[in-house]
Structure formats: C-alpha cells, structure tokens
Amino acid sequence: MATELTGGLDPIQAFAIVGIAGVGAQWLAWRFRLPAIVLMLAAGLLLGPVSDIFVPARDIGAITGPLISLAVAVILFEGGLTLSFSKLADARPAVRRLVYVGAPLGWVLSSLVLVFGAGLGWEAAMVFGGIMIVTGPTVIAPLLRQARLTSRPAQVLQWEGIVNDPIGALVAVVALEIVLVLRTGVTWGEAAGQLLLGIGFAALIGIAAGWLIVQSFRRGWVPEYMKVPLLFVAVLAVFAGSDSLLHESGLLAVTVMGLMIANADLPSYYELHRFKEHATILLVSGVFILLAASIRFETLAQLSWWRAGLFVALVVMVARPLTVLISLIGTNLPMRERLLIALTGPRGVVLVAVSGVFAERLVGEGIADGGLIAPLAFVLVLVTVVLHGFTLAPLARRLGLTSGDRPGLLIVGGSIFATGLAKALEKADVNVLVTDPNRGHLRSARAAGIQTFYGDILGEAAEHNVEFLAFGTILAASDNDAYNTLVATDLAPEFGRDSIWQLARHKEDRARHVLPTQLGGRAIAGNRTLAQYLDLMAEGWIFRTTRLTEEYRLDDWRTAREGAIPLAVIQNDQLWFVGGKNDLIDKPGVRIVSLLPPEIAERIALENEAQAKPGEKARKVARAEAEAARRGEGSGSVPGGEARPTVERAKDDPDLIETRCD
C-alpha cells in the first residue's frame, strides 16, 4: 500500500522506520560514546511530535498498546534471566533492603511529592506513586554499560530495576483497587480477595511455567533449535494468562519465570540469554521510539510547567535519595556506593507504558487529574534519562566507582611471555590481569608485580572476583590450544569478537585441523604459537614499548627497529593487537609494544649506557662550573665541558629519548 496523501506511513514503512531509528540510535551512541537512551528519545521526538513523519496512533493504530505491553513483558523476562542468585554475592543485602524497605517507602515519598509538588489529588497520587517505584531496567542496562561501574553498585542498580518493575506495577494495582473501593462501593474483603488471588496466581503460574521449561530442557524433551522459540511462546502465554486475571500481574509472572530458569543451572542457559539479550535490544529500541513518537505537544501543554519542574526536582533530589539512604542503613555498602545509588534513579519504558493504562482507568472513574499522569511520566522519564545519561559516568569517576578509563587487557594463560607482555603494556598505562587455572604458571607474573587471578576465567569464582568491565580486550595465550579456543569463543559475544585475540594453534597450518571462523579469537600478525614466542625469548628477544612523537614517526621506528615484531598498539585509551600492517598508526602519542631481536636489544642497551655516561660527566662539569662561578671566574664556563653534545644528541635522535620508556 502506498503512502497516503495525509503524510501517514503504511504499517510496513512504520515498522521499518522504527527499526532503523532505534538500532541506528544505539549504533550512534556506541560510535560516539553517548547515552543510547538519550539518542533514542531524541529520534522518537523528531519522528513524532516535531516532524509528524511517524505517528503511531495514525500509522500503526490500535496495536500500538498491545505491542508495547508484549515488548515490556519480554524485556522483564530477559531481565529475570539475568537474576542469578549465585551472581548476587555481597550485593544481596542491599537489594533485599531496596525491595523490602525501599518499595513501600518510595511509594509513600513519591505520593507526597505528587501531592505537594505536582498538585495531584490523593487518589491519582497514590496510583502514580506506586508506578514511580520502578527505576527501569531498560534504562539502567545501557547506562551501566556506558559508565563502566564497579560490580557491586552495578549489580544493586540492575537488580533493583528488574525486581521493582513488576512490584511497582502491582502496587499501582493495589492503589487502583483502593480507589475503586472508595468510589464504587466494592467491599474491602472482595477487593483484598481479588488482589491476593491475582498476585498468588501470577507467582504460581510463573513458578509452574519456569519449572516445566527447566524440566523439558534438562530431560531433552525439546530439541536445541526449538528452545528459543518455545521460550518466546511461553512468555506470551504466561503474560496473557496472568494478565487476564489481574491487569499488569503478567509482569510479575514473566519475571518469576525468568528467575526460575536463570537459577536452574541449565547447560544451554548462556545461549538462551544471549539470544534474548539481542531480542531485548531490538525491543527496547522499538519501544522507546514508539513511546517518544506517541507524545503530543497538546498533551504536555496540560501541565503547569513550574509544577512539573518542582515535581521532577523533588523526585531526583529528595524522594529518591531519601528512599535509598534510609533503606541501606545498616548494610555493608560504603557511603560512596550508597550515594551513587541514591543519585541514580532513571525511569524508563515500564513507567510510561503502565502510567498510560492507569491514567485511562482513573479518568474513566471520574478522577480528572488522572489525565496528568501520562505527561508527568513522560517528563520524568525524559529528564531523568538525559540527566543520568550525562552525569552517571562523571559522578562514578568522582566517587572512584568506575573500572577506570585506562585500557584493560586480560591475558588468559600465565607464562614468561605473558609476564613480559604485561610489563611492557603497563609502561603504556594499560591495566593488565593475567589469569591461569594453574597457580604455578602465575609465579613469574606475581614476582613481577603483575595483577593475577588464580582460577578458571570461565568459572563462577571469576564472575565474583574479576572486574570484567575493567578489561576491554582479551588475549587467550595459555599452553592449551583447546582451552584458548573455548575461552575466546565463550567470551566473544560479551566482549565483541574484535576484542578477542588468540595465539596460533600448533596444528593450525594443517587443513584437517583448521577451525571454523566463528570459533576462537583473532590472530596476531605472524600467526605464532606460544612455543614460538617462548623460543624467541629464549634466544634473547625482549619486549619494548616505544612512543611515537612529532619528530619520531612510524618510518623512523621501523628503521631503528628493523626486524622487530610489533604486537600491540595503544592510542587514546584504546588497545588493540596488530593483526596486519594497517593496524600500525603513524600518529604522535601512539605507543607500540614489540618484541626486539637480540642485536637491536643489545644496541639499545649500549646507546642507553652511552647516554648515561656523559650524563655523569656532565654532573661533574656542572659542579666544576659552580665552583668557578663562586670564585668569580667569568660566566662559570670551564674548559672541558662536554654536557652540550650529549643534550644535542638526545634532541637530534628521538629514538634515544624513547629508549627511556623502554
């Protein structure tokens, strides 16, 4: 169907533009290191109320609401899949307090802010205050990825967002039932019974569905290729079945189902979670574009802007900090972590989607100010997303709760090669961690003062003790080719295949031993094995780090380091290994880590020695000149001063300057 004269899009065009705008915004955010949510909101506003290119109510119609509801259900289910109790570690008490204490306290404080800040009546404030408990996993996840927080505050924020999302929706249901009791004359007993029945049924159906899926996967009742489709169908069925008994209780049911599966220790869990994570990225992108494009300026015009500004300020600066700080009293979290969590409370998809549903119900019951809930929710989401999107990373850095801006390398496999490479990279201000399941292999790294982790990098101990966010690059360099391939293949989806490198396998040059391209990591130039690198070191080859300058460029380095093997490049807090000639960049400030042959290493040592000797003689000359100056003999110059030639030599030969970094 062609585009209508009114400017509307047909459904195919509408879905295409939603996908392009959503995924495009996420890609631009990654490319320019900007908050993805901010760009998605901006794209939706430009497409919708600003230009009227895409108006969901006009171009998609009545299916907009159901699409958003189903997308939110899948997002919360995927969030439940991330809530493995074994990964919670020492963040468990804080999360428990934020749920048990923070949820009811947040409800009360949010309702007070709505009454005294936004000017809503008590009925609308109680309902909307319940919805405001949610902090939005759809927003938290991209922000955490961008800010690179340390593990504990990141876990607390992620768990709080996912667990409190369905709780907030159910609290709003409770508040709505109370309002209906007061207005329609339904008895308190009937209302309480209906509420308890709905909540109990939602939890029960989530537990039952999760248990059935776990058993069917564990006993082989479902083939591997049908597991993901079965999960999608199960999410839709559980959400619809629970929601039919109590509106919005389906969110609780799918979250409980995700929790059951996440904590069942299924062999195929990681594959399921990764696929669902990809689907969630698409859904989050689409939902944000739909919600932002659905906003009408005439709806926002209903707000009193000074009231709306006061409302947002009270939420961000009073209600959220008080809720968190009171809830976390007595926990093991340091004050700086509590402050970060207290000042981080962005709202997202669930708040906007659910508030629209409840606003219609309140208006239908004759509560006029219920119509202000939807625009207030959008303003709160817009302000908090933009605010936290640009301030979370600087605030975390100020509090010392980031994994750092230094490039990070995780070397899997301890050896003399790993130790030498790590020491050379540390001179270029790279954060290096060497790991190995064999403690003896880490002996040289520990003796050199390199960070080490003893254990399997794929095990649960590593998840609890290794700050993976601090390392953007992985090098699989153990003496076990199969283990290197396993590590590279397993970590590639999380870190990105461009960031996973692996030393060559021993029999990789034989056709029958070549692996498919989707297995293992990227090869370093030269395609050498660990044994070959160790042989070079046994012959006297050494690691060196050299910094390029305006005077000392890449061609100069190649001339002075003829025969050297370039291994890695560091530029602007980014690290990558050399896979080909184009990976070497000729720019000032670039650092090159290389292996130098014995003859070049010996020449550099002699040059360093020659550079140091005149320096000692220059100190003697300086003392003689000082004595001459005190005696009043001329300007202080004395015959035999030879400091100047040394200075001129160092200035004219930048390579000698750079050997100091060596």
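**Figure 1. Thr529 in the loop between strand S6 and helix H24 of the predicted model.** Strand S6 comprises residues 522–523 and helix H24 residues 530–538, with Thr529 in the loop that links them. Thr529 counts as buried because its relative accessibility is 8%, under the 20% cut-off. When residues up to four places away in sequence are set aside, Thr529 touches Ala504, Arg505 and His506.

**Figure 2. The surroundings of Ala422 in helix H20.** Helix H20 runs over residues 416–427 and contains Ala422. The relative accessible area of Ala422 is 0%, so this residue is buried. Beyond residues up to four places away in sequence, Ala422 touches Ile411, Val432, Val434 and Ile450. Leu409 is separated from Ala422 by 13 residues in sequence, and the C-alpha atoms of the two are 8.6 Å apart.

**Figure 3. Helix H23 and the strands that cover its buried residues.** Helix H23 is formed by residues 481–495. Its 15 residues should span 21 Å at 1.5 Å a residue, which agrees with the 20 Å between its end C-alpha atoms. The buried residues of H23 are Asp481, Tyr483, Asn484, Thr485, Val487, Ala488, Leu491, Ala492 and Phe495. Their cover includes strand S1 (408–412), strand S4 (473–476) and strand S5 (500–502). At the start of the helix, a side-chain oxygen of Asn480 comes to within 3.0 Å of the backbone nitrogen of Ala482. Gly496 follows H23 and has a positive phi, near 95 degrees.

**Figure 4. The buried and exposed sides of helix H1.** Helix H1 is made up of residues 11–32. For these 22 residues, a rise of 1.5 Å a residue gives an expected span of 32 Å, and the end C-alpha atoms are 31 Å apart, which agrees. Ala14, Val18, Ala21, Gly22, Ala25, Gln26 and Ala29 are buried. These residues cover an arc of only 120 degrees around the axis, which puts them on the same side of H1. An α-helix has 3.6 residues a turn, so residues three or four places apart point the same way. Ile12, Ile20, Trp30 and Phe32 are exposed on the other side of H1. The N-terminal end of H1 is capped by Asp10, with a side-chain oxygen 3.0 Å from the backbone nitrogen of Ile12.

**Figure 5. Phe311 within the largest nonpolar core.** This core has 122 residues, and Phe128 and Phe311 are those with the most contacts inside it. Helix H19 (residues 373–398) supplies the largest share of the core, eleven residues. Apart from neighbours within four places in sequence, Phe311 is in contact with Val113, Leu114, Gly117, Ala118, Phe128, Met132, Leu376 and Leu380. A second, separate core has 34 residues, including Leu409, Val434, Ile524 and Leu530. Val434 is also among the residues that Ala422 touches.

**Figure 6. The chain as context for the close-up views.** The secondary structure of the chain comprises 28 helices and ten strands. Of its 662 residues, 50% count as buried. Among contacts between residues at least 6 apart in sequence, 73% join residues at least 24 apart. The accessible surface of the chain is about 30000 Å², and carbon and sulfur atoms account for 61% of this area.

Methods: Residues numbered from 1 in each chain as written. Predicted model: local features only at pLDDT ≥ 70, side-chain atom pairs only at ≥ 80, totals over all residues. Heavy atoms only, no water. Helix = DSSP H or I, 4+ residues; strand = E, 2+ residues; numbered from the N terminus. Buried < 20%, exposed > 50% of the residue type's maximum accessible area, 1.4 Å probe, protein only. Contact = heavy atoms within 4.5 Å. Areas by Shrake-Rupley, 256 points an atom, 1.4 Å probe, with all protein chains shown as cover. Expected span 1.5 Å × (residues − 1). Polar contact = N/O pair within 3.5 Å; in protein donor to acceptor, adjacent residues only side chain to side chain. Arc of directions from axis to C-beta. Core = buried A, V, L, I, M, F, W, Y, C linked by side-chain atoms within 4.5 Å.
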